[in-house]
Amino acid sequence: MPARLVVLASGTGSTLQAVLDAAADPSFGGVVVAAGTDVRDCAAMVRARERGVETFAVALADHPNRAAWNDAVADAIAAHQPDLVVLAGFMRILAPSVVNRFRMINTHPSLLPEFPGAHAVADALKAGATTTGVTVHWVDEGVDTGPVIAQTVVAIEPDDDEDTLRARVQAAEKPLYVATIRQLCQEYT
């Protein structure tokens with residue numbers, strides 16, 4: 001049986017697309033059974049629906065408070081009985097009650113523990129770093145603090161600005177993330 005994947009995304013869905021493309025190969029070891037979002041009708045969910053993947057949206061504004069939203073997200077994920085939850089540009093912090101309920105991974109645009117948080121690329125440039133990279137990590141109760149699964153280095157060129165560096169980091173991110181997910185799926189099966 002292939003591993004059951006639920007992918008959470010909030011934006012354009014390019015990382016989700018990379019996972020969907022990889023999962024089309026039976027040797028990948030996993031199948032995307034659902035894709036979820038906090039942003040109704042974002043491009044990521046359009047991509048998933050075009051591939052025949054069931055989607056769900058749990059918008060924060062539809063809930064009386066963050067705790068209720070987290071409960072709804074957890075219930076929506078659980079309905080699909082995932083073996084692994086894959087964060088693919090999901091831009092919300094999930095409560096411990098969610099992250100401790102599922103095996104969950106994320107990707108981050110730096111070599112953690114350096115430059116955690118939402119501005120990692122800019123932070124690396126401001127710090128004068130000569131390298132940065134991509135980290136795939138387990139999601140825990142902190143922000144970008146979970147155990148590292150895999151990393152790859154990206155050199156920072158002297159003429160880099162935030163856009164050029166981000167593009168190179170993103171180009172390194174998808175292959176590393178897909179390879180890591182493949183490995184985790186194959187370990188599951």
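This note goes through the strands, the pocket, the cavity and the salt bridges of a predicted model.

1. Basis of the note. The model is predicted, with local features requiring pLDDT of at least 70 and side-chain atom pairs counted only at pLDDT 80 or more, while totals for chains, interfaces and linings use all residues. Residues are numbered from 1 along each chain as its sequence is written, and side-chain values use heavy atoms, with hydrogens and water left out.

2. Strand 2 and its neighbours. Helices (H or I, at least four residues) and strands (E, at least two) are taken as DSSP runs numbered from the N terminus, and two strands pair if DSSP finds at least two bridges between them. Strand 1 (residues 3–8) runs parallel to strand 2 and is joined to it by six bridges, with Ala 34 in strand 2 as the bridge partner of Val 6. Between these two strands the chain passes through helix 1, in a β-α-β crossover that is right-handed (with the strands pointing away from the viewer, the path from the first strand over the helix to the second runs clockwise). Strand 2 is also parallel to strand 3 (residues 54–57), through four bridges, and Thr 37 stands opposite Ala 57 in strand 3. The crossover from strand 2 to strand 3, which goes through helix 2 (residues 43–50), is right-handed.

3. Burial of strand 2. Seven of the eight residues of strand 2 (residues 30–37) are buried, where buried means under 20% relative accessible area, exposed over 50% and partly exposed in between, using a 1.4 Å probe and protein chains only.

4. Strand 5. Because five of the five residues of strand 5 are buried, this strand is largely enclosed by the rest of the structure. Its two faces are both covered, with Met 104, Asn 106 and His 108 buried on one side and Ile 105 and Thr 107 buried on the other. Strand 5 pairs with strand 4 in the parallel sense over two bridges, Val 85 standing opposite Met 104, whereas its pairing with strand 6 (residues 131–138) is antiparallel and has four bridges. In that antiparallel pairing, Asn 106 has His 137 in strand 6 as its bridge partner.

5. The largest pocket. On a 1 Å grid over the protein atoms alone, a pocket is an open set of points with protein on both sides within 12 Å along at least five of seven lines, a cavity is a set where a 1.4 Å probe fits but cannot get out, and lining residues have an atom within 4 Å of a point. Grid points are joined across faces, edges and corners, and a volume is the space filled by probe spheres set on the points. The largest pocket has a volume of about 930 Å³, and of the 38 residues lining it, Gly 89, Phe 90, Met 91, Asn 106 and Thr 107 are the closest to its centre. Helix 1 (14–23), strand 5 (104–108), helix 5 (120–126) and helix 6 (162–188) each supply at least two lining residues, and helix 6 gives the most, with six. The lining comprises 16 nonpolar, 14 polar and eight charged residues, where Ala, Val, Leu, Ile, Met, Phe, Trp, Tyr, Cys and Pro count as nonpolar, Asp, Glu, Lys and Arg as charged, and the others, Gly among them, as polar.

6. The cavity. The structure holds one cavity of 30 Å³ or more, and the volume of the largest cavity is about 30 Å³. Its lining is formed by Leu 8, Gly 36, Thr 37, Asp 38, Phe 56, Val 58, Trp 69, Val 73 and Phe 90, with strand 2 and helix 3 (66–78) as the elements that give two or more residues. Six of these lining residues are nonpolar, two polar and one charged.

7. Salt bridges between loops. There are eight salt bridges in the structure, each being a side-chain nitrogen of Lys or Arg within 4 Å of a carboxyl oxygen of Asp or Glu. One of them joins Arg 92 and Asp 38 at 2.9 Å, N to O; Arg 92 lies in the loop between strand 4 (84–87) and helix 4 (96–99) and Asp 38 in the loop between strand 2 and helix 2, so the pair ties together parts 54 residues apart in sequence. Asp 38 is buried at a relative accessible area of 9%, whereas Arg 92 is partly exposed at 32% relative accessibility.

8. Salt bridges in helix 6. Arg 166 and Asp 163 form a salt bridge at 3.9 Å, N to O, and they are three residues apart in helix 6, so about one helical turn separates them. Arg 166 is partly exposed at 30% relative accessibility, while Asp 163 is exposed at 58%. A network of salt bridges links Glu 162, Asp 163 and Arg 166.
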